[in-house]
Structure formats: structure tokens, C-alpha cells
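Work through the exercises below with the model open. Try each task before reading its solution.

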Amino acid sequence: MKIRSHSESHIVELDDGSRWRIFPGDLDLTLNWKPETDIVVMPADDDLSSHVLVGGDAKVRVIADGESWPVREVKSALKEG
């Protein structure tokens with residue numbers, strides 16, 4: 001898939017209409033994403049995110065837009081680096 005919109009740093013919309021909220025600790029990995037970047041959506045195998053977006057040499061954790069990150073788990077993950 002391609003990126004339709006990435007105007008907000010923490011939200012990416014793909015050309016299939018799906019919108020994803022990017023994990024705060026992974027935002028820097030998306031800085032090089034362009035509209036022509038090929039993105040693959042895959043189910044996640046962790047407790048924080050439901051899916052991962054893979055593209056442009058980056059793998060970022062995401063949840064569907066409209067969902068909320070579990071605050072305690074996010075704080076813990078960000079502390080661990």
C-alpha cells in the first residue's frame with residue numbers, strides 16, 4: 001500500500017482508507033516516509049500494538065486511529081528505550 005496522508009506526525013492514512021496511530025517511541029522512524037513509500041500492514045506480536053507498519057526500512061508499532069494507547073505500558077516501554 002501507499003501513504004495517502006501523513007500530515008499529522010502520529011497518524012498515517014493508507015491508500016486503502018485505513019488510518020493508523022503510530023506508537024510515540026516510533027515516530028522518528030517515519031520521518032523519511034514519502035507518499036510513494038510501500039507500506040505493509042502486519043498483525044503485531046506484542047502487548048502494546050495491534051499491528052505493525054513495515055516500509056522504508058522501518059517497522060513501527062500502530063493501533064487503529066480512534067483507539068488509545070495503554071498509558072502505563074507506553075510509559076514503561078518509553079523508559080526502557
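**Exercise 1. The sheet**

In what order do the strands of the open sheet lie, and with what pairing? Then find the edges of the sheet.

Solution. This is a predicted model. Its open sheet has 6 strands in the order 1-2-3-6-5-4, and the pairing is antiparallel. Strand 1 (3-5) and strand 4 (40-43) stand at the edges. Each has a single partner strand, so one side of each lacks a neighbour in the sheet. On average, neighbouring strands are turned by 45 degrees against each other, direction ignored. Now take the pairing of strand 4. Strand 5 (residues 51-55) joins strand 4 over 4 bridges, in the antiparallel sense. Within strand 5, Val54 is the bridge partner of Val40.

**Exercise 2. A loop threonine**

Is Thr37 buried or exposed? List its contacts too.

Solution. Locate Thr37 in the loop between strand 3 (19-22) and strand 4. Its relative accessibility is 12%; buried means under 20%, so Thr37 counts as buried. Next, the side chain: that of Thr37 reaches the backbone nitrogen of Lys34 at 2.9 Å. Leaving out residues up to four places away in sequence, Thr37 touches Met1, Lys2, Ile3, Asn32, Gly55 and Gly56.

**Exercise 3. The cores**

Which strand gives the most to the largest nonpolar core?

Solution. The largest nonpolar core has 11 residues, including Ile3, Trp20, Trp33, Leu53 and Val62. Strand 2 (11-14), strand 3 and strand 6 (58-64) each supply at least two of its residues. Strand 6 gives the most, with 3 residues. A second, separate core has 6 residues, among them Ile63, Trp69, Val74 and Ala77. Val62 touches Trp69, and also Trp20 and Leu53 among others.

Definitions and conventions:
Residues are numbered from 1 along each chain as its sequence is written. This is a predicted model: local features need pLDDT of at least 70, side-chain atom pairs count only at pLDDT 80 or more; totals for chains, interfaces and linings use all residues. Side-chain values use heavy atoms; hydrogens and water are left out. Two strands pair if DSSP finds at least two bridges between them. Axes are lines fitted to C-alpha atoms, for helices over the stretch in contact, and angles run from 0 to 180 degrees between N-to-C directions. Buried means under 20% relative accessible area, exposed over 50%, partly exposed in between (1.4 Å probe, protein chains only). A polar contact is a pair of N or O atoms within 3.5 Å; within protein, one must be able to donate a hydrogen and the other to accept it, and residues adjacent in sequence count only if both atoms are side-chain atoms. Contact means heavy atoms within 4.5 Å. A nonpolar core is a set of buried Ala, Val, Leu, Ile, Met, Phe, Trp, Tyr and Cys residues joined through side-chain atoms within 4.5 Å.
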